[in-house]
Amino acid sequence: MAAATKKIAKKKSAGRAPEVATRSKARPRSKQGSRVVVLVATRKGAWLYHGDSTRKDWRPDGPHFLGHIINHLVLDPRDGRTLLAAAKTGHLGPTIFRSTDYGRSWKEAARPPAFPKAPSGESGRAVDHTFWLTPGHETEPSVWYAGTSPQGLFRSDDGGVTWEPFFTINEDPQYLKWMGTVQDGTPDGPKLHSILVDPRNPAHIYFAMSGGGVHESVDQGRSWKPIIAGLEVVEGLDASNLAFHDPHCVRLCPSNPDRLYQQNHCGIYRIDRPSNEWVRVGRNMPKRIGDIGFPMAVHPRDADSAWVFPMDGSSVWPRTCVGGMPAVYVTRNGGKSWLRAAAGLPERDAWWTVKRQAMAADGNDPVGLYFGTTSGDLWSSRDEGRQWACIARHLPEIYAVETGQPG
């Protein structure tokens with residue numbers, strides 16, 4: 001266990017993918033006073049909140065797709081104007097919408113993510129909804145990835161117009177066994193999520209499954225391996241069985257892509273590659289709060305800093321703020337200690353739930369933080385969590401919050 005906490009060596013192990021010559025810089029520059037847009041996906045549509053350079057004033061843009069479920073809304077950081085929305089509509093079913101003009105107009109994907117039709121007489125799988133969208137590497141400007149429920153991994157090479165499955169995952173007998181069934185107990189169905197692309201190398205990709213664990217490829221998806229050492233599972237279950245592993249959210253640190261954090265059904269974890277063992281840094285959270293939750297955000301320039309939003313993880317799993325007192329907790333030392341950051345939030349009787357996609361950080365200096373609740377409130381902090389303010393109320397149930405910088 002101790003070896004997993006050592007700093008990453010400069011020399012990579014032989015099993016890791018080599019860095020490409022066109023890699024992006026490992027440490028992004030700070031952006032003082034850059035304009036920010038906060039993208040909010042909800043159970044009844046999507047909204048964009050445009051902030052000024054101070055992030056004090058916000059202009060709402062929406063609703064888009066009013067009445068339709070939007071699971072994820074993402075602005076492409078490679079051009080600052082292309083938007084992809086993962087939607088589930090009453091008449092089109094699960095689909096992807098795309099805008100190339102910053103949301104002024106939208107077109108449906110010509111071929112959204114879908115599993116192959118089963119042979120006649122056999123039962124197959126059908127995509128219930130696309131849950132997660134991730135832009136590809138900056139050297140692959142037309143590549144996107146999508147994760148679905150039930151678990152499936154898809155890729156688009158034309159900017160999100162058409163999608164193809166990763167058969168190495170979607171149809172692999174072992175992965176199908178790890179994925180379990182649509183009745184596995186995960187609210188809203190099992191999900192493939194947290195698709196992460198190493199900013200140094202487009203061939204190095206991670207994803208997570210609820211349930212099914214965390215997985216890594218170093219050859220752009222041709223082969224995968226699980227990374228579950230050190231992760232705990234629900235008491236009484238077998239930790240060697242990937243089907244019992246339930247990562248809620250995995251984040252890669254932009255300033256040090258060899259460090260990942262994870263908010264899990266069974267705690268908060270960190271891993272420093274090339275180690276394959278996760279360390280439960282959530283044990284350092286206050287005992288009365290615990291380390292159970294869903295979302296996580298990481299600092300864009302400091303791999304030691306991360307934020308979580310704890311939930312009540314008692315035996316009946318209420319999935320609400322502990323004691324009705326909402327608070328974000330921050331670490332500044334890689335999880336060795338955690339501090340409460342709740343100034344401006346309600347002090348009591350706020351029984352919020354914050355879902356796994358509903359917390360995000362921007363790239364400004366100081367970093368702005370944002371989270372949305374299932375009761376439809378959108379909160380922000382301009383100073384890395386020291387002070388919070390509500391910037392939107394009475395939205396539909398918030399499913400996901402992302403940030404972007406307009407081009």
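Start on the surface: select Val234, Leu237 and Phe244, which together make a nonpolar patch of about 220 Å². Keep in mind as you click around that this is a predicted model. Now zoom in on Leu237. You'll find Leu237 in the loop between strand S15 (225–226) and strand S16 (247–253). How exposed is Leu237? Its relative accessible area is 40%, so Leu237 counts as partly exposed, since that label covers values from 20% to 50%.

**Next stop: charged pairs**

Side chains of opposite charge can pair when their charged atoms come close. The count here comes to 20 salt bridges, and a few are worth a visit.

Select Lys225 and Glu216 first. Their side chains meet in a salt bridge, 3.7 Å from N to O. Now color by accessibility: which label does each partner get, buried or partly exposed? Lys225 is partly exposed, with a relative accessible area of 36%, whereas Glu216 counts as buried because its relative accessibility is 3%.

Move on to Asp272 and Arg259. This is another salt bridge, and the closest N and O atoms are 2.7 Å apart. Show the cartoon here, as the pair links distant parts of the chain: Asp272 sits in strand S18 (residues 267–272) and Arg259 in strand S17 (residues 256–264), 13 residues apart. Both Asp272 and Arg259 are buried.

For a contrast in setting, pick Asp349 and Arg348. Their side chains also form a salt bridge, at 2.6 Å from N to O, but here Asp349 and Arg348 are both exposed.

Before you leave the charges, select Glu232, Arg280, Arg283 and Asp291 as one group. Salt bridges link these four residues in a network.

**Last stop: the inside**

In soluble globular proteins, nonpolar side chains tend to be buried together. To look at that here, select Val38, Tyr49, Phe309, Phe371 and Leu378. The largest nonpolar core has 53 residues, and these five touch the most other members.

Stay on Val38 and bring up its surroundings. Which residues does Val38 touch, leaving aside those up to four places away in sequence? The list is Trp47, Leu48, Tyr49, Trp58, Tyr370, Leu378, Val401 and Glu402. Two names there, Tyr49 and Leu378, also belong to the group you just selected.

Finish with Tyr145, Val197, Leu242 and Trp278. They are among the 32 residues of another core, which lies apart from the one around Val38.

Notes: Residues are numbered from 1 along each chain as its sequence is written. This is a predicted model: local features need pLDDT of at least 70, side-chain atom pairs count only at pLDDT 80 or more; totals for chains, interfaces and linings use all residues. Side-chain values use heavy atoms; hydrogens and water are left out. Patches are made of residues with over 30% relative accessible area and no salt bridge: like charges are joined within 9 Å, nonpolar side chains (Val, Leu, Ile, Met, Phe, Trp, Tyr) within 5 Å. Accessible areas come from the Shrake-Rupley method with a 1.4 Å probe; for residues, only the protein chains shown count as cover. Helices (H or I, at least four residues) and strands (E, at least two) are DSSP runs, numbered from the N terminus. Buried means under 20% relative accessible area, exposed over 50%, partly exposed in between (1.4 Å probe, protein chains only). A nonpolar core is a set of buried Ala, Val, Leu, Ile, Met, Phe, Trp, Tyr and Cys residues joined through side-chain atoms within 4.5 Å. Contact means heavy atoms within 4.5 Å.
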